[in-house]
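Biologist: I'd like to go through this one with you and ask where the labels come from. Can you pull it up?

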Amino acid sequence: MATLLFTGVALAEEPSPSVAPRMKAIVYHEYGPPDVLRLEEIEKPVPNDNQVLIGVRAASVNPLDWHHTRGTPYLARLAFGLLKPKETRLGVDYAGMVEAVGKNVKRFKPGDEVFGGRTGAFAEYVSVLEDRAVVLKPANLTFEQAASIPIAAITALQALRDEGKIQPGQKVLINGASGGVGTFAVQLAKSFGADVTGVCSTRNVNMVRSLGANQVIDYTKEDFTEGTQRYDLILDNVGNRPLLACRRVLNPKGKYVLIGGGGPNDNQWIAILARPIRAYVLSRFVSQDMGVFLANLNKEDLTILGDLMQAGKVKSVIDRRYRLSEVPEAVRYLEQGHARGKVVITVDHNNETVPVSANLAAIPASTIGPVLIVLAFIAIIIGVPIVPLVLALALNRRFQRRNPGKRPYRWGYYFSSLSFIAGIGLGILLESGIAVILCGVIYAALAWFFAQRHHWAWITLTILSFNPVAWIINFFYLRRRWAEDWIATPAM
Ligand SMILES: NC(=O)c1ccc[n+]([C@@H]2O[C@H](COP(=O)([O-])OP(=O)(O)OC[C@H]3O[C@@H](n4cnc5c(N)ncnc54)[C@H](OP(=O)(O)O)[C@@H]3O)[C@@H](O)[C@H]2O)c1
């Protein structure tokens, strides 16, 4: 009884423990389909001296969100987290109202309406550094319109202006003109004074034309790579046509800018990475400039885009709206690859309810996928340098046994087996079984002759390594060995 009384007094006298403010946010703890996304109650962020706390009113979904959710392409897990996501929050694009500012913040004050990009945007609040990608929202834009700008519009702007070096009067083709990036790209290309051709499916032809496209190609009826028209710039949001075919419809000094492409059902090991590498390699051999482009979120370009939208020169096309609790459905819809413009999340601070069973209904995590991925990474990281090394040592010993007195080959063997692996890699990049076999046979034969010290094979294999470092090293290394061979066989 005494204890009870004591405890009671003690509790009454103690100040009640301060409960950290909470907020609702979309969170995921494992990779997988959109079902792994949960609406959870988590701690509300507290801005530091240089940060701004923003109450999110709207956010928008990008393909980047399903890449993060699924942890694809798998190589990206080196950055995202190998077995599970390091960053458990999702979403980037947002628009909202400043609720509080740190004491050093000069650009914003509570009550300002802003928009920008920051990881974790699918939440009631985000806290951002004032000098990052966040700017004032034009007053005549809704939160939804502003939230649809950041990734998609910045990508379109930078791809056309910085990478594509677009000029007035140029003929520009936008493949995937009806999606998030494409709808902005059509309008921006028009505002740069270009003659714009958009490629989309039948149901979107009128919409793309209404955005200002001079010509629209319905891809269900016509292949843009088989037409007679030549373009100065191709912006490719889909990446579904062979690069050589795209090159055919480019002017001799034209540019091909690869923005993205591929869906969750595509091969996430090779296919998604193969096209950028192929564009890079092809670009070295043709007169056109072909390359991949990565957008960079910054406040300067957000301001430009906000101004263009305020002036009515560019508008956002909003396809569907979902609530915060419906983010999994929104991501599932987007990853089907047929959104018409942007998919928006509206955040209603009073009406978002966390499903009671949300945290209980855990989806059993697949253990085979992550284990396979780790094993594959280990195999690649250890295998690529070690296997050729072991092979080289074995070949070296064999050479010494068979040719007593002759200088061993050392790095030559290592290099030839590495080139062989590169040859197989090249075949895989070309995405054809025949290419893999052909490259394997050709490179194996070259490596064999290389190992027999045939000088022509040394040179061919060195050139075909497509590796400038190997070219330089081998220039010196092979010259020395070549000279030794001449000295060793003076009769030749
Ligand atoms: N490099 C970067 O920094 C960067 C930045 C943002 C996005 N991306 C990438 O760029 C790509 C596009 O992004 P997004 O936000 O525009 O995606 P999105 O909103 O999902 O748009 C997809 C669009 O592709 C169109 N499409 C599908 N199949 C097509 C085909 N065979 N031919 C022509 N169009 C086709 C669809 O139009 P229909 O419905 O008419 O078929 C749809 O409108 C994604 O792969 C994304 O990952 C890259």
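Modeller: Sure. A word on the naming first: helices and strands here are DSSP runs, at least four residues for a helix and at least two for a strand, numbered from the N terminus. Also, this is a predicted model.

Biologist: Then where does Lys165 lie?

Modeller: Lys165 is in the loop between H5 and strand S8 (171-175).

Biologist: And what makes the phi of Lys165 worth pointing out?

Modeller: Phi there is near 45°, a positive value, and the residue is not a glycine. Most residues other than glycine have a negative phi.

Biologist: Which peptide bond is cis?

Modeller: The one joining Thr72 and Pro73, with omega about -10°. Most peptide bonds are trans. Pro73 sits in the loop between helix H2 (63-70) and helix H3 (77-80).

Biologist: Why are H5 and H6 called oblique to each other?

Modeller: Their packing angle is about 45°, with the axes 8 Å apart. Roughly parallel needs an angle under 35 degrees and roughly perpendicular takes 65 to 115, so the pair counts as oblique. The crossing is right-handed. On the H5 side, the contact is made by Ala152, Ala153, Thr155, Ala156, Leu157 and Leu160, and H6 brings Gly180, Val181, Phe184, Ala185, Leu188 and Ala189. By class that gives 10 nonpolar, 2 polar and no charged residues.

Biologist: Why is H5 with H10 described as roughly perpendicular, then?

Modeller: H5 and helix H10 (residues 299-310) pack at about 95°, with axes 10 Å apart. The range for roughly perpendicular is 65 to 115 degrees, so this pair qualifies. H5 makes the contact through Pro150, Ala153, Ile154, Leu157 and Gln158, while H10 uses Asp301, Leu302, Ile304 and Leu305. The classes here are 7 nonpolar, 1 polar and 1 charged.

Biologist: On to the ligand. Which residues come nearest?

Modeller: Pro63, Gly179, Gly180, Ser201 and Gly260, out of 30 residues around the ligand.

Biologist: Which elements each supply at least two residues of that shell?

Modeller: Helix H5 (150-163), helix H6 (180-191) and strand S9 (195-200).

Biologist: How do the shell residues divide by class?

Modeller: Into 14 nonpolar, 16 polar and no charged, with Gly counted as polar.

Biologist: And how do you know that two domains contribute to the shell?

Modeller: At least three shell residues come from each of domain 1 (19-149 + 316-346) and domain 2 (152-292).

Notes:
Residues are numbered from 1 along each chain as its sequence is written. This is a predicted model: local features need pLDDT of at least 70, side-chain atom pairs count only at pLDDT 80 or more; totals for chains, interfaces and linings use all residues. A residue is near a molecule or strand if its C-beta atom, placed from the backbone, lies within 6 Å of it. Domain bounds come from an automatic or database domain assignment. Axes are lines fitted to C-alpha atoms, for helices over the stretch in contact, and angles run from 0 to 180 degrees between N-to-C directions. Angles under 35 degrees count as roughly parallel, over 145 as roughly antiparallel, 65 to 115 as roughly perpendicular and the rest as oblique. A crossing is left-handed if the near helix is turned anticlockwise from the far one by less than a right angle, and right-handed if clockwise. Two residues are in contact if their C-beta atoms, placed from the backbone, lie within 7 Å.
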